[in-house]
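Me: I would like to go through this model with the criteria in hand, asking at each step what justifies the label. Please set each value against its cut-off before concluding.

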Amino acid sequence: MMMPSIFGESLFDDFFDTVSRPIKAIRQPIPQVMRTDVKESDKGFAIDIDLPGYKKEDISAELKDGYLTVSAITKEEHEENEEDGTYIRRERSFGSCSRSFYVGEDIEDSEVKAKFEDGILKVFVPKKEATPPVEERKYISIEG
């Protein structure tokens, strides 16, 4: 039978976690931050990054030394007053996350396109034409 709870799956989960079910912490899934899908096409790479709860101004993308780094910062501020009550459990707080992708050193930042809508950051990185290396002939000087 399921018991209603404001704490977790069950009213007593938090209280008995360390005593009766210490293995639960191992089985819990790791929170998935910045889940990402990367799709390759002939023209380039489409990168979709889940950022639910973030605002456009909280997200930044930087291209440096061939790496595209996407960062997001949460900035929730709450004033606590004695008359409002005391928090029993608080799961929303300040935090940041980032993720980097190697896109190549020949990509310019003006070529990368990004759009944020419905909690998903959509980034498009174009492919560069592979230029064949120029064959360099090295001559050996002949004396005599």
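Me: What percentage of the 144 residues of the protein chain count as buried?

Reply: The model is a predicted one, and in it 18% of the 144 residues of the protein chain count as buried. The label applies to a residue under 20% relative accessible area.

Me: Which elements make up the protein chain, and in what order do they run from the N terminus?

Reply: The protein chain has 2 helices and 7 strands, and from the N terminus on the order is α-α-β-β-β-β-β-β-β. As for its contacts, among those with a separation of 6 or more, 49% are accounted for by residues 24 or more positions apart.

Me: What makes Glu40 and Lys127 a salt bridge?

Reply: The rule asks for a side-chain nitrogen of Lys or Arg within 4 Å of a carboxyl oxygen of Asp or Glu; in the pair Glu40 and Lys127 the closest N and O atoms are 2.6 Å apart, so the pair meets the criterion. Glu40 lies in strand S1 and Lys127 in the segment after strand S7 (120-126), so this salt bridge ties together parts that are 87 residues apart in sequence.

Me: Why is Glu40 called exposed, and why is Lys127 called partly exposed?

Reply: Exposed means over 50% relative accessible area, and partly exposed covers the range between that and the 20% limit for buried. Glu40, with a relative accessible area of 52%, is therefore exposed, whereas Lys127, at 32%, counts as partly exposed.

Me: How do you know that Ser41 and Lys127 come together in space, and what is the separation of their C-alpha atoms?

Reply: The C-alpha atoms of Ser41 and Lys127 are separated by 8.9 Å, although the two residues are 86 residues apart along the chain. Ser41 is in the loop between strand S1 (36-40) and strand S2 (44-50), and because its relative accessibility is 34%, Ser41 counts as partly exposed.

Me: How many salt bridges does the rule give, and what qualifies Glu111 with Lys128?

Reply: The count comes to 3 salt bridges. Glu111 and Lys128 qualify with an N to O distance of 2.8 Å, which is within the 4 Å limit. Glu111 lies in the loop between strand S5 (95-102) and strand S6 (113-117) and Lys128 in the segment after S7, so the pair ties together parts 17 residues apart in sequence. Glu111, at 25% relative accessibility, counts as partly exposed, and so does Lys128, at 38%. Glu117 forms a salt bridge with Lys115, where the closest N and O atoms are 3.7 Å apart, again within 4 Å.

Me: Which residues gather in the patch of negative charge on the surface?

Reply: Asp65, Glu105, Asp106, Glu108 and Asp109 gather there. A patch member needs over 30% relative accessible area, and Asp65, with 60%, is exposed. Asp65 lies in the loop between strand S3 (59-64) and strand S4 (67-74).

Me: What is notable about phi of Asp65 and of Asp118?

Reply: Most residues other than glycine have a negative phi. Phi of Asp65, however, is near 55°, a positive value in a residue other than glycine, and Asp118 has a positive phi of about 55° although it is not a glycine. Asp118 is placed in the loop between S6 and S7, and because its relative accessible area is 77%, Asp118 is exposed.

Note on methods: Residues numbered from 1 in each chain as written. Predicted model: local features only at pLDDT ≥ 70, side-chain atom pairs only at ≥ 80, totals over all residues. Heavy atoms only, no water. Patch = residues over 30% accessible without salt bridge, like charges linked within 9 Å, V, L, I, M, F, W, Y side chains within 5 Å. Areas by Shrake-Rupley, 256 points an atom, 1.4 Å probe, with all protein chains shown as cover. Lys, Arg positive; Asp, Glu negative; His and termini not counted. Charge placed at Lys NZ, Arg CZ, Asp CG, Glu CD. Helix = DSSP H or I, 4+ residues; strand = E, 2+ residues; numbered from the N terminus. Buried < 20%, exposed > 50% of the residue type's maximum accessible area, 1.4 Å probe, protein only. Contact = heavy atoms within 4.5 Å.
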